[in-house]
Amino acid sequence: MRVIINHASIFDGTGSPVFSGSVAVENQRIVEISDSPIAPDSGDQVIDAQGKTLMPGLVEAHAHLTWPTSVEKFVPGMYLPPEELALTAARNARILLDHGFTSAYSAGALSKTLEISLNAQLTSGGMPGPRLVPSSVEREPPNESELDPGKVEAHAIGPEGVKAFVKECADIGAKAVKFLISGESALKPGASHELLYSKEELMAAGEQARESDVWLTGHAHANDAVKWGVEAGFRVLYHCTYADDDAIDMLAAKKDEIFVAPTIGIIQATLDANPPPHMDMTHMKEDAAIVLAAQKALVPKLRAKGIKLLPGGDYGFPFNPNGRNARDLELWVEHFGYTPAEVLQAATQFGGEIMGMGNELGLIKQGYLADLLLVDGDPTKDVTLLQNKANLHMIMQDGKLYKAPQNLTVNA
Ligand SMILES: [Zn+2]
C-alpha cells in the first residue's frame, strides 16, 4: 500500500524553486517523485494536492520540550512537580508535531532522564511527537539562579566532574549533552560575557564526548565561549552573539561538522512581551535589543562563510510558548535577509543534517524518510503560513499520516 500525493507544488528542501509534481510513499520512505500524476494501484491511498505545497517536515534546532509553557497552556515560572513535568513534556512533543515540526534537536531539559524516557515512547510509536535528539539537564556550575540545574541534579566541578557528567548523560541514553559555556545576560546582567567553564573543563568534556560517542551542545554568547566550544569539539553552538572575526573563521574551518542556531525567537519575544506590572522586564528588553542588533550583523557574516545556520528559538518560556516555533522562519526573513525558500532550506535540509540523518532526512528525494507537510498555499512566497496549523493540510511522519487530509481517497 502506497500513499500517492498527486498534483502538488513541491518544495524539496534544497532551496530550489517549487516545481509541479507527484510523490509516492511506501512504508517509511519516498519511493517515487514524478512530474506527472502517479497511477494508483488497488488499495493505494491518494491525495489530490492541487493548490498546495508539499515540503519536508520542519526541524526545530533548539527545542525545550520540558519548558512548560505552550500555545495550549500558559504556565507561570519554569518548574513543575515531576509528574506534571512529564505530562507537560509529552504534551509539548505532540504540540510541536501538530505544528509541523517532525523533528527536534534538544537544547537541554529540566530533568535528568525525562527526554530520554519520552524519546523511547516517541520511537516506539506509542506517543505523538517529533523525532528527537534527547538531552539531559542543561549543565552549568552551581549557582543561585532559578534555572540552576544543580537543583535537579548536583554536579561535581573541575575537568573530572565535567567528564563524569558527560559520561553519565551518555550512559543513560542522551544523544546530546548541553553546557552553558557562557552565562545569560537576560537572567543576570553582564553574564553573557562571563565564561562559566575553564578551557580545561571544556576540553575534558570534548574528550569524554568522543569517547562516549555523544554530541556536545553549547549555550555560547561570549566570544571566547564560541572559540573554546569550537576547539573542544562542540557540534552545535547556540547564539554566538559576540563572536568576532577570529571566532567566525574558527567556525568556518569546521563548517562541515558544526551547526549554529542564533535563537532569534526568544529575542523577539522578549522585545514584544507585555508583562504584568509586577514583572520588570526592563533589563531583559535592553539586553534583547543589543543581542538582536549583534545577530543582525553576525548572521550574514556566518552565512557568507558557509556555516550552517538553523532556526530554533528557545520556545517554552511563558512569553515564548512551545508551538510558536515556526515564527522563527518569519523572523529570519525580517531580520537576517533570508528569502522564505532559504530559511525553509535551513529548517529542512540542514535540519536533517543536525539530526545526524542528512543522508535520509530533510529533503523530498527518492529513498528519503517520508516526513512531509502539505501546506495550503505556498510558504516559499509567504512563510508565515506555517505559523497557523490550520494551514497544514497533511502531516506525515515516517511515512505514516499523523494528520490525514480530508480529501484522502482509497483506490478501489
Ligand atoms: Zn535554550
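A176 has W215, in strand 10, as its bridge partner. That contact belongs to the pairing of strand 9 with strand 10 (residues 215–220), a parallel match over five bridges; strands count as paired when DSSP finds at least two bridges between them. Helices (H or I, at least four residues) and strands (E, at least two) are DSSP runs, numbered from the N terminus. Keep in mind that this is a predicted model: local features need pLDDT of at least 70, side-chain atom pairs count only at pLDDT 80 or more, and totals for chains, interfaces and linings use all residues. Residues are numbered from 1 along each chain as its sequence is written.

Zoom out, and the two strands sit in an open sheet of five, ordered 9-10-11-12-13 with parallel pairing. Strand 9 (176–180) and strand 13 (308–309) are at the edges with a single partner strand each, so one side of each lacks a neighbour in the sheet.

Now look at strand 10. Six of its six residues are buried, meaning 20 or more other C-beta atoms lie within 10 Å of a residue's own (exposed is 12 or fewer, partly exposed in between; C-beta atoms are placed from the backbone). Side chains in a regular strand alternate between the two faces of the sheet. Here W215, T217 and H219 are buried on one side, and L216, G218 and A220 on the other.

On the other hand, D213, in the loop between helix 4 and strand 10, is exposed, because just 8 other C-beta atoms lie within 10 Å. D213 is 37 residues from A176 in sequence, and their C-alpha atoms are 9.6 Å apart.

Moving on along the sheet, strand 10 runs parallel to strand 11 (residues 236–239), joined by four bridges. There, G218 has L237 as its bridge partner.
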